[in-house]
Amino acid sequence: MNELVKYAVHDDIAVVTIDNPPVNALSPGVPEGILEGVQRAVKDPKVRAIVVIGAGSTFIAGADIREFAKIVAGEAPPSDLAQIILQIEDSSKPVVMALHGTAFGGGLELAMGGHYRVISPTGQVGQPEVKLGLIPGAAGTQRLPRLAGVRLAVEMCAFGEPIGAKEALAARIVDRIIEGDLLTGAMAFAREISRKPFRKVRDRRERLTDVDPVIFSSATDKARATRKHQEAPLAAIEAVEAAIRPFERGCQIERQLFEECLRSNTSKALIHAFFGERTVAKIPDVPKETATYPIRRAAVIGAGTMGGGIAMNYANAGIPVMIKETTQEALDRGMKVIRGNYANSVKKERFTQKVMDERLALMTPQLTYEGFEQADIVVEAVFENMALKKEIFTALDGIAKPECILATNTSTLDIDEIASATKRPEMVVGHHFFSPANVMRLLEVVRGKATSKEVIATSMALGKKLKKVAVLAGNCRGFIGNRMIHIYLREAQFLLEEGASVEEINGALVDFGMAMGPLAMSDLAGIDVGWRIRQESKHLEKPGVRRPLVADKLYEMRRYGQKTGRGFSWYDENRRPTPDPEITVVAEVAAAEAGIARRKIAREEILDRCLYALVNEGAWLLGEGIALRAVDIDVVYLMGYGFPAWRGGPMFYADTVGLDKVLARVEEFGKTHGTDLWEPAPLLRELAAAGKKFN
Ligand code: 3H9
């Protein structure tokens, strides 16, 4: 045995315990250790049955995802998990797999190599490989349909959602739910079945007869509609379909499809995104042990779209929250929106009316600062105006207790200047939520020059509690996300002025995989919002440097986007866009004013200008230390800006293109449009010259 798997015998039952924290992943040595345990038990005449169980909080969360990159690079041998599972299944004594926590991916595959499975009531089983751009690679697509039937197997393998214990029992994936201590229950179960004949899952065929072919065609339609651009869901369907063939042949087909997925850029990107989401929590100079402030009571200033959404996050996490507005009318309007959002969730059965009532009861709408002295955190969420924000922070400084965190939801403004309105700049931090704040998972935590490590550690931990992915950003105009998006939207508008249509620009980016096109994004966010932000930054404009003119013209025409039914597009009552010929006229006027000759613009140029604008600005941010790592930028874009996860984020995408190619294009744009707009970031030059990548 090895240190990852323990072996013990309790009377007539052998217990093989996997102990590879934190999630008992099948790292090298784990499958081998389990097999060794089973073989040792088979040889022990005292043993009648074998229980395999996980130590800690879970059974096995899957293959060790870190190994895949090594396998692809030829630095590690291909997984022999499938072979090991076959050998476990060949055991002459019955093997009972005892599941708790998450039996996912290779974990479920290994569990299906046992002759029985028991599960604790809160346990879950799943084949989530598609979320990593993979398919099950150790016969999961072959054994799962034999246990659960083809319909559920297709659903689980192609779409990756796990199921709970009850559903797993009903589907016959598990044989019993064990209430109480899992090991005790699993051993009792093992004794019960130890004298009965048992079967290998791979020999079962009864659920593979008369399979309705519509199962596969409708799953394919669903995958094409909801997982556009992704190969793995279709490969998973094909692999499950192969289960109808003899087991060995099905396994061969699965292996080949798994190998293809493993080598795809999609899989590399999704794995990058998986680890990225976890990496961003790690801040080199703020160690895990840093003390945090308890957050038991919160306050939000402003009950508008952002303030209301932020307050909902606190209430959803069970934290009482005061919501302050300046007029009763604004307060009532804000609370009405909150109640409407909650009621909508109840209608959609996301939670019950009781939960809604409990959450609303945690909210205190008010017009004064009464009670703010008790708050552990105050989040200011008023509109983007420095003078107003400073006024609020000065007031807060006089009211809040010394250990209260003073957060601003500004999306662009200087945190240090806001902090300068207080005598405690170390307690001031940016908490930049994304709209709608109750839905979007990104939280940019912005570090001012004086922000204390404890405030950062608390903010990052609070993010997790609010079910957000918190990314740390340095202080600069727009931080990570908006500083980059500003350049991206600038290029989208320039392209419009130069001759591309709104539909060509939006369409190119949507085809690339963005959740929406850049001009559609402006319409959603509000042309008026962008205009107001520009007013605050007029002093930063460089004379003689071209700037987009279209959005200002739309603002003057009161075309504020979706909210007024007109922006870059025309919107019907269901907010569906249709082209508006008037925009061409606006673009022509803007082009004439800017002295630009309009021309036909190729799709490739639309993509490169918008995407490399992001990449080059991202490289500037990295060089300046505003973003800690390229992956932080990627996560910001995946979580907050609708960048497709299967492309891994803008920096990862640039890596897949090749930084030399990206640089060449940036230089070309610099020659055509001026280096004031397109100056290659020094880091981009440096990495491209060295043949390196951002990630
Ligand atoms: C597969 O199985 C392929 C097979 O078909 C066989 C092929 C031959 N490997 O998420 P957390 C780390 S593919 C390595 O924060 P939670 C994670 O990075 C796999 N590491 O905890 C983190 O590390 P750190 C199929 C892993 O409680 C720590 O564990 N399985 C793995 O919020 C804690 O993770 C999946 O796709 C792994 N498999 O959520 C499941 N899993 O502390 C992937 C986690 O250094 N995992 N880590 O940042 C998950 O979905 C969640 O981690 C889980 C726990 C729900 C299990």
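What follows is a short back-and-forth on how some labels in this predicted model are justified.

User: Why is arginine 278 called partly exposed?

Analyst: Its relative accessibility is 40%. Buried means under 20% and exposed means over 50%, so a residue in between gets the middle label. Arginine 278 lies in helix α12, residues 265-279.

User: Arginine 278 also turns up in a surface patch; what charge does that patch carry, and who is in it?

Analyst: Positive charge: Arg66, Arg278, Lys282, Lys288 and Lys464 gather there on the surface. Patch members need over 30% relative accessible area and no salt bridge, and arginine 278 at 40% clears the area part of that.

User: What makes glutamate 491 and arginine 609 a salt bridge?

Analyst: The N to O distance is 2.7 Å, and the cut-off is a Lys or Arg side-chain nitrogen within 4 Å of an Asp or Glu carboxyl oxygen, so the pair qualifies. The two partners sit 118 residues apart, glutamate 491 in helix α19 (residues 481-498) and arginine 609 in helix α25 (residues 603-624), so the pair links distant parts of the chain. Both glutamate 491 and arginine 609 are buried.

User: Which salt-bridge network do glutamate 491 and arginine 609 belong to?

Analyst: One that links Arg490, Glu491, Glu497, Glu498, Arg546, Arg599, Glu605 and Arg609. Across the whole structure, a search finds 49 salt bridges.

User: Arginine 599 and glutamate 605 meet in a salt bridge; how do you know which of them is buried and which is partly exposed?

Analyst: Check each against the limits. Glutamate 605 has a relative accessible area of 14%, and buried means under 20%, so that label fits. Arginine 599 is at 36%, which falls between 20% and 50% and therefore counts as partly exposed. Their N to O distance is 3.0 Å.

User: Why are glutamate 668 and arginine 665 said to be about one helical turn apart?

Analyst: Because they are three residues apart in helix α28, residues 659-673. Their side chains meet in a salt bridge at 2.8 Å, N to O. Arginine 665 is buried at 17%, while glutamate 668 is partly exposed at 40%.

User: Why is strand β16 called largely enclosed?

Analyst: Five of its six residues (442-447) are buried, so the rest of the structure largely encloses the strand.

User: What makes β15 and β16 a pair, and how do they run?

Analyst: Four bridges join β15 (residues 428-433) to β16, and pairing takes at least two, so they count. They run antiparallel, with histidine 432 opposite glutamate 444. On to β17 (residues 469-474): six bridges join β16 to it, and those two run parallel. There, valine 446 stands opposite alanine 473.

User: What is the peptide bond like in the loop between β15 and β16, where proline 436 sits?

Analyst: The bond from serine 435 to proline 436 is cis, with omega near -5°. Another cis bond runs from proline 21 to proline 22, with omega near 5°; proline 22 is in the loop between β2 (13-18) and α1 (30-43).

User: Why is lysine 467 called exposed?

Analyst: Its relative accessible area is 68%, and exposed means over 50%, so the label follows. Lysine 467 is in the loop between α18 (453-465) and β17, and has a positive phi of about 65° although it is not a glycine.

User: How do you know arginine 172 is exposed?

Analyst: At 52% relative accessibility, arginine 172 passes the over-50% limit and therefore counts as exposed. Its phi is near 70°, again positive in a residue other than glycine.

Notes
Residues numbered from 1 in each chain as written. Predicted model: local features only at pLDDT ≥ 70, side-chain atom pairs only at ≥ 80, totals over all residues. Heavy atoms only, no water. Patch = residues over 30% accessible without salt bridge, like charges linked within 9 Å, V, L, I, M, F, W, Y side chains within 5 Å. Areas by Shrake-Rupley, 256 points an atom, 1.4 Å probe, with all protein chains shown as cover. Lys, Arg positive; Asp, Glu negative; His and termini not counted. Charge placed at Lys NZ, Arg CZ, Asp CG, Glu CD. Buried < 20%, exposed > 50% of the residue type's maximum accessible area, 1.4 Å probe, protein only.
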